[in-house]
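Let's take a look around this protein together. Have the sequence and the 3D view open as you read.

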Amino acid sequence: VDINNTLYCSLKSLNQVVAKSLNDISNSIKIVAGTGCAGSLSTQLNGPQGIFVDIDFNLYVADLSNHRVQRFPSGQLNATTVVGSGAPGTFILNYPTSVILDADGYLFILDSVNTRIVGSGPNGFRCLIGCLRLPPPGGNGGSIQNIVFDSFGNIFVTNITTNLVQKFILAADSCSMYNFI
């Protein structure tokens with residue numbers, strides 16, 4: 001739900017993201033991303049999963065089967081790949097399932113099969129959590145599904161395999177840098 005009380009839903013099997021104003025009494029639903037056909041063009045999605053809308057109403061989509069995160073500028077159906085397949089100089093993602101921006105506008109992505117969290121910062125993208133872990137044999141990861149922040153900047157991640165919610169605490173070190181423990 002964005003700051004204008006609009007509800008967004010990713011329709012994974014229909015390869016679209018739709019929106020509905022919760023202030024409108026009509027049942028009108030608007031397609032805000034995806035053509036309905038799976039594909040990798042800038043107007044297409046392939047299994048959209050996690051979505052996030054920033055304060056400028058730009059839509060970020062974890063485009064699961066295209067192994068990328070797409071940014072749809074407010075009101076546009078043509079996206080830019082911000083990380084993953086098709087974005088030079090960024091991380092290679094393996095089924096991203098969730099995406100979120102923090103208060104500073106930095107992007108955080110759950111890279112599901114690689115079981116890691118990738119984040120942006122002033123120097124580009126980097127691995128934050130799970131960086132040394134290898135995916136299970138055969139690439140059958142995908143147990144981490146969603147990411148949220150609390151008001152203190154701590155990260156919570158849902159794990160559907162273990163039925164647990166993991167908390168990563170944001171802690172300042174002696175150089176005024178932040179690390180997750």
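I117 is tucked away: its relative accessible area is 2%, so this residue counts as buried, the label for anything under 20%. You'll find I117 in strand β10, which covers residues 116–121. Keep in mind that this is a predicted model. Now try spotting I144 as well. I117 and I144 sit 27 residues apart along the chain, and their C-alpha atoms are separated by 9.5 Å.

Is V1 buried or exposed? V1 has 64% relative accessibility, and it counts as exposed because the cut-off for that label is over 50%. This residue belongs to the segment before β1. V1 also has partners: together with L7 and L22, V1 makes a nonpolar patch on the surface. The accessible area of V1, L7 and L22 together is about 260 Å².

Here are the two residues side by side:

| Residue | Place | Relative accessible area | Label |
|---|---|---|---|
| I117 | strand β10 | 2% | buried |
| V1 | segment before β1 | 64% | exposed |

Next up is a pocket. How much space lies in the second largest pocket? The answer is about 350 Å³. Its lining has 20 residues, and the closest to the pocket's centre are Y8, A19, K30, V32 and G75. Three strands each give two or more residues to this lining: β1 (6–11), β2 (16–21) and β3 (30–33). Sorted by character, the lining of the second largest pocket has nine nonpolar residues, seven polar ones and four charged ones.

Notes:
Residues are numbered from 1 along each chain as its sequence is written. This is a predicted model: local features need pLDDT of at least 70, side-chain atom pairs count only at pLDDT 80 or more; totals for chains, interfaces and linings use all residues. Side-chain values use heavy atoms; hydrogens and water are left out. On a 1 Å grid over the protein atoms alone, a cavity is a set of points where a 1.4 Å probe fits but cannot get out, and a pocket is an open set with protein on both sides within 12 Å along at least five of seven lines; lining residues have an atom within 4 Å of a point. Grid points are joined across faces, edges and corners, and a volume is the space filled by probe spheres set on the points. Helices (H or I, at least four residues) and strands (E, at least two) are DSSP runs, numbered from the N terminus. Ala, Val, Leu, Ile, Met, Phe, Trp, Tyr, Cys and Pro count as nonpolar, Asp, Glu, Lys and Arg as charged, and the others, Gly among them, as polar. Patches are made of residues with over 30% relative accessible area and no salt bridge: like charges are joined within 9 Å, nonpolar side chains (Val, Leu, Ile, Met, Phe, Trp, Tyr) within 5 Å. Accessible areas come from the Shrake-Rupley method with a 1.4 Å probe; for residues, only the protein chains shown count as cover. A salt bridge is a side-chain nitrogen of Lys or Arg within 4 Å of a carboxyl oxygen of Asp or Glu. Buried means under 20% relative accessible area, exposed over 50%, partly exposed in between (1.4 Å probe, protein chains only).
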